[in-house]
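Hi everyone, thanks for coming. Let me put the structure up on the screen, and then we'll walk through it together.

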Amino acid sequence: HFVNASGLGSTDLQKHTFCSRRKTEETKGQFLIDHICNYYSLLEKDYFGIRYVDPEKQRHWLEPNKSISKQMKSHPPYTMCFRVKFYPHEPLKIKEELTRYLLYLQLKRDIFHGRLLCSFSDAAYLGACIVQAELGDYDPDEHPENYISDFKIFPKQSQKLERKIAEMHKNEFRGQSPAVAEFNLLLKAHSLETYGVDPHPCKDSTGTTTFLGFTATGFVVFQGNKRIHLLKW
């Protein structure tokens with residue numbers, strides 16, 4: 001059977017298709033995870049998983065010990081996404097550059113989809129990290145006045161925030177290599193309350209929209225952009 005596997009971003013794990021030579025009913029999720037990790041020589045594979053969306057638009061993680069066909073409610077070809085599943089509790093302990101880069105891409109995605117909540121100043125810092133990693137040092141000859149608006153970093157990106165990102169990029173990030181800027185984003189993101197949270201929307205007893213999620217520290221409950229409960233493991 002055929003699987004379309006897409007990666008964390010357009011610049012890293014390019015979409016590709018492969019055909020399993022095993023019988024469809026025997027091919028387990030672990031086979032696909034190992035295939036992708038081996039293809040990209042990814043050693044720290046325990047942080048990653050494969051996500052898919054069922055016909056009812058519900059997201060699921062592919063279970064490694066179950067056959068792919070029994071987990072799918074649709075017909076092949078199956079479209080799945082390679083994602084960070086377990087966010088490193090201490091990014092400093094990541095050993096491989098590729099692992100750091102894939103975590104950076106996942107966090108960029110979390111920021112863009114509004115899952116990594118933060119203050120205005122932290123948002124500007126994260127945005128400046130991304131711009132420095134993508135563009136390098138600010139150059140007035142290459143970067144026009146509104147150059148930050150070319151970057152779609154946040155779901156709602158105000159001109160005020162773009163000006164602050166540009167200010168920080170110009171004055172505070174000069175000389176940082178892409179790898180350093182990416183790592184600084186990891187360190188800042190790691191300090192935020194919603195780092196690694198996969199939010200599941202629900203409503204409390206008053207009908208207020210609330211989000212539930214799991215992190216390395218415990219079970220968390222959010223309302224708006226504020227954590228209101230933490231139940232530690």
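Let's start with a small puzzle: in which loop does S41 lie? Have a look for a moment. Okay, S41 is in the loop between α1 and β3. One thing to keep in mind as we go: what you see is a predicted model.

So what caught my eye about S41? Its phi is positive, about 55°, although S41 is not a glycine. And is S41 buried or exposed? With a relative accessible area of 56%, S41 counts as exposed, because the cut-off for that is over 50%.

There's another residue like that, K57. This one isn't a glycine either, and its phi is near 70°, again a positive value. You'll find K57 in the loop between β3 and β4. K57 is exposed too, with a relative accessible area of 69%.

That loop is actually the turn of a hairpin. β3 and β4 form the hairpin, with five residues between them, and K57 sits in the turn. The two strands run antiparallel and are joined by three bridges. If you want a spot to zoom in on, V53 stands opposite R59 in β4.

Now stay with β3, which covers residues 48-53. Which other strand can we see it paired with? That's β5: β3 and β5 are antiparallel, over four bridges. Here F48 stands opposite V84 in β5. For anyone new to this, strands of a sheet pair through backbone hydrogen bonds, and they can do so either parallel or antiparallel.

And how many of the six residues of β3 are buried? Five of them, so β3 is largely enclosed by the rest of the structure.

That takes us to the inside. The largest nonpolar core has 49 residues. Within this core, M80, L107, I165 and L185 have the most contacts. Both β3 and β5 give two or more residues to it, and so do several helices, including α1, α3, α5 and α6. Which element gives the largest share? It's α4, with eight residues.

Let's move over to the other sheet on my list. Four strands make up an open sheet here, in the order β6-β7-β8-β9, with antiparallel pairing. β6 and β9 are the edge strands, each pairing on one side only. From one strand to the next, the twist averages 25°. If we look closer at β6 and β7, they pair over four bridges in the antiparallel sense, and K203 stands opposite T209 in β7.

Last stop: the largest pocket. Its volume is about 870 Å³. There are 36 residues lining this pocket, and the closest to its centre are Y87, G196, V197, D198 and F214.

Here some of our earlier friends come back. β3, β4 and β5 each supply at least two residues of the lining, and that also goes for α3, β6 and β7. What kinds of residues are they, then? The lining divides into 15 nonpolar, 10 polar and 11 charged residues.

If you take one thing home, follow β3. It pairs with β5, joins β4 in a hairpin, gives residues to the largest nonpolar core and helps line the largest pocket. That's it from me, thanks for listening!

How values were computed
Residues are numbered from 1 along each chain as its sequence is written. This is a predicted model: local features need pLDDT of at least 70, side-chain atom pairs count only at pLDDT 80 or more; totals for chains, interfaces and linings use all residues. Side-chain values use heavy atoms; hydrogens and water are left out. On a 1 Å grid over the protein atoms alone, a cavity is a set of points where a 1.4 Å probe fits but cannot get out, and a pocket is an open set with protein on both sides within 12 Å along at least five of seven lines; lining residues have an atom within 4 Å of a point. Grid points are joined across faces, edges and corners, and a volume is the space filled by probe spheres set on the points. Ala, Val, Leu, Ile, Met, Phe, Trp, Tyr, Cys and Pro count as nonpolar, Asp, Glu, Lys and Arg as charged, and the others, Gly among them, as polar. Two strands pair if DSSP finds at least two bridges between them. Axes are lines fitted to C-alpha atoms, for helices over the stretch in contact, and angles run from 0 to 180 degrees between N-to-C directions. A nonpolar core is a set of buried Ala, Val, Leu, Ile, Met, Phe, Trp, Tyr and Cys residues joined through side-chain atoms within 4.5 Å. Buried means under 20% relative accessible area, exposed over 50%, partly exposed in between (1.4 Å probe, protein chains only).
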